[in-house]
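Colleague: Please bring up the model, and then let us go through its local geometry one question at a time.

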Amino acid sequence: MPHEVRGVVARAKGEPVGIETIVVPDPGPGEALVRVQACGVCHTDVHYRDGAITDEFPFLLGHEAAGVVEEVGAGVSDVEPGDFVVLNWRAVCGQCRACSRGRPWYCFATHNANQPMTLVDGTRLSPALGIGAFADRTLVHAGQCTKVDPRAAATAAGLLGCGVMAGLGAALNTGQVSRGDTVAVIGCGGVGTAAVAGAALAGASRVIAVDLDPRKLDGARRFGATDTVDARDADVVESIRQLTGGVGADVVIDAVGRPETWRQAFYARDLAGTVVLVGVPSPEMTIDLPLLDVFGRGGALKSSWYGDCLPSRDFPMLIDLYLQGRLDLDGFVSETIALDDVEESFARMQRGDVLRSVVVL
């Protein structure tokens, strides 16, 4: 029988979200019904509410989640009822050209549930990133469920579902930071701070955090930044060069995603260094650089999709590091809130008052 649950819905562009009754079907072939325990509040949810991603309203928001599998559909063998899982929005297909070349983190045909979740009147909902986890239960493709150690706190584990994984992966997977590297991270919100933590975890000798907000710079130090640059009154490129012996950083991660920050990242790296773009730009943004500078500086200019993560590989490993006390996922949780508090948490996030608000169900 379908389940009627509470969920956070955005009905129209720019309007405040509200709690509504959601109808969640029983899982069909390849699907899983998950009882959500915790779900982080991410900027992407605000982008959905504001119509900045698509206009397929109404949206069921929430995507950065962990919970317990309650039921599975036919043909599901990787997870079973009772499994503690982190939800992901890149359930790889195993068959597309990226997967067949052994690069499944680039999968071009990721899976979502086939059946829609709806409002009581039958109106079809668009689940954020194919998940829709600001709800007591959600229906996803079973491949979107990654089983992890159930000793992990759901509030911490769920953060791997989006922002924290994006930042960690930007350093560990895309930037391939290694022992002794110098790293600069421009923008120290949730994603940027996670990139700082990833660089420190990889053994970087110097991790430079850059931001306009002193509160965020203080937070970056708690996650392993050795140096900070207050971009309000400092030349970012020159400051990074001074902190790296005049040559620039081996890896510079742009966690803002604006032309001016990407340009800073480009010129703040060492010759043959790597730039990683993990902040998401808006469609109208462009970059203009002398082509000779691109040629003459060598190295690599990369973008990082979801931290180039492979959930089946990365989530269990990172949860193990968390349980060993080597990765402070709990430190990202600024507050826990109820479903009714999501709209207010958006405002706190946009003001920079929190690193992560997490809905506990």
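Colleague: Which two elements each supply at least two residues of the lining of the second largest pocket?

Modeller: This is a predicted model in which local features need pLDDT of at least 70 and side-chain atom pairs count only at pLDDT 80 or more, while totals for chains, interfaces and linings use all residues. Residues are numbered from 1 along each chain as its sequence is written, and side-chain values use heavy atoms, with hydrogens and water left out. A pocket is an open set of points, on a 1 Å grid over the protein atoms alone, where a 1.4 Å probe fits and which has protein on both sides within 12 Å along at least five of seven lines, and its lining residues have an atom within 4 Å of a point; helices (H or I, at least four residues) and strands (E, at least two) are DSSP runs numbered from the N terminus. On these terms, the two elements are strand E10 (145–147) and H10.

Colleague: What is the volume of the second largest pocket, and which residues are the closest to its centre?

Modeller: With grid points joined across faces, edges and corners, and the volume taken as the space filled by probe spheres set on the points, the second largest pocket comes to about 230 Å³. Of the 15 residues that line it, the closest to its centre are Asp78, Gly143, Cys145, Thr146 and Ser312.

Colleague: How many residues of each class does the lining of the second largest pocket have?

Modeller: Ala, Val, Leu, Ile, Met, Phe, Trp, Tyr, Cys and Pro count as nonpolar, Asp, Glu, Lys and Arg as charged, and the others, Gly among them, as polar. Strand E10 gives the largest share of the lining, three residues. By class, the lining divides into seven nonpolar, five polar and three charged residues.

Colleague: How many disulfides does the structure hold?

Modeller: The test is a pair of cysteine sulfur atoms within 2.5 Å. Cys96, which is buried at 12% relative accessibility (buried is under 20%, exposed over 50%, partly exposed in between, with a 1.4 Å probe and protein chains only), is in no disulfide, since the nearest cysteine sulfur, that of Cys99, is 3.8 Å away. Cys145, buried with a relative accessible area of 8%, is likewise in no disulfide, the nearest cysteine sulfur being that of Cys39 at 13 Å. The number of disulfides in the structure is zero.

Colleague: How many aromatic pairs are there, and why is that of Phe223 and Phe332 tilted?

Modeller: Rings of Phe, Tyr and Trp (its six-membered ring) pair if their centres lie within 6.5 Å, with planes under 30 degrees apart counted as stacked, over 60 as edge-to-face and the rest as tilted. The count by this rule is eight aromatic pairs. Phe223 and Phe332 count as tilted because their ring centres are 4.4 Å apart and their planes are at 40°.

Colleague: How many residues apart in sequence are the parts that the pair of Phe223 and Phe332 ties together?

Modeller: Phe223 lies in the loop between helix H6 (214–222) and strand E13 (227–230), and Phe332 in the loop between helix H10 (311–323) and strand E17 (335–337). Phe223 is buried with a relative accessible area of 8%, and Phe332 is buried with 0%. The pair therefore ties together parts whose separation in sequence is 109 residues.

Colleague: Which residue forms an edge-to-face pair with Phe266?

Modeller: Phe266 is buried at 0% relative accessibility, and the centre-to-centre distance in its edge-to-face pair is 4.8 Å, with 90° between the planes. The partner is Tyr267.

Colleague: Where is the cis peptide bond?

Modeller: Most residues other than glycine have a negative phi, and most peptide bonds are trans. The cis bond has an omega of about 0°, and Pro58 lies in the loop between helix H1 (43–49) and strand E4 (59–60). The residues joined by this cis bond are Phe57 and Pro58.

Colleague: Is Tyr306, which has a positive phi although it is not a glycine, buried or exposed?

Modeller: The phi of Tyr306 is about 55°, and this residue is placed in the loop between strand E16 (300–303) and H10. At 4% relative accessibility, Tyr306 counts as buried.
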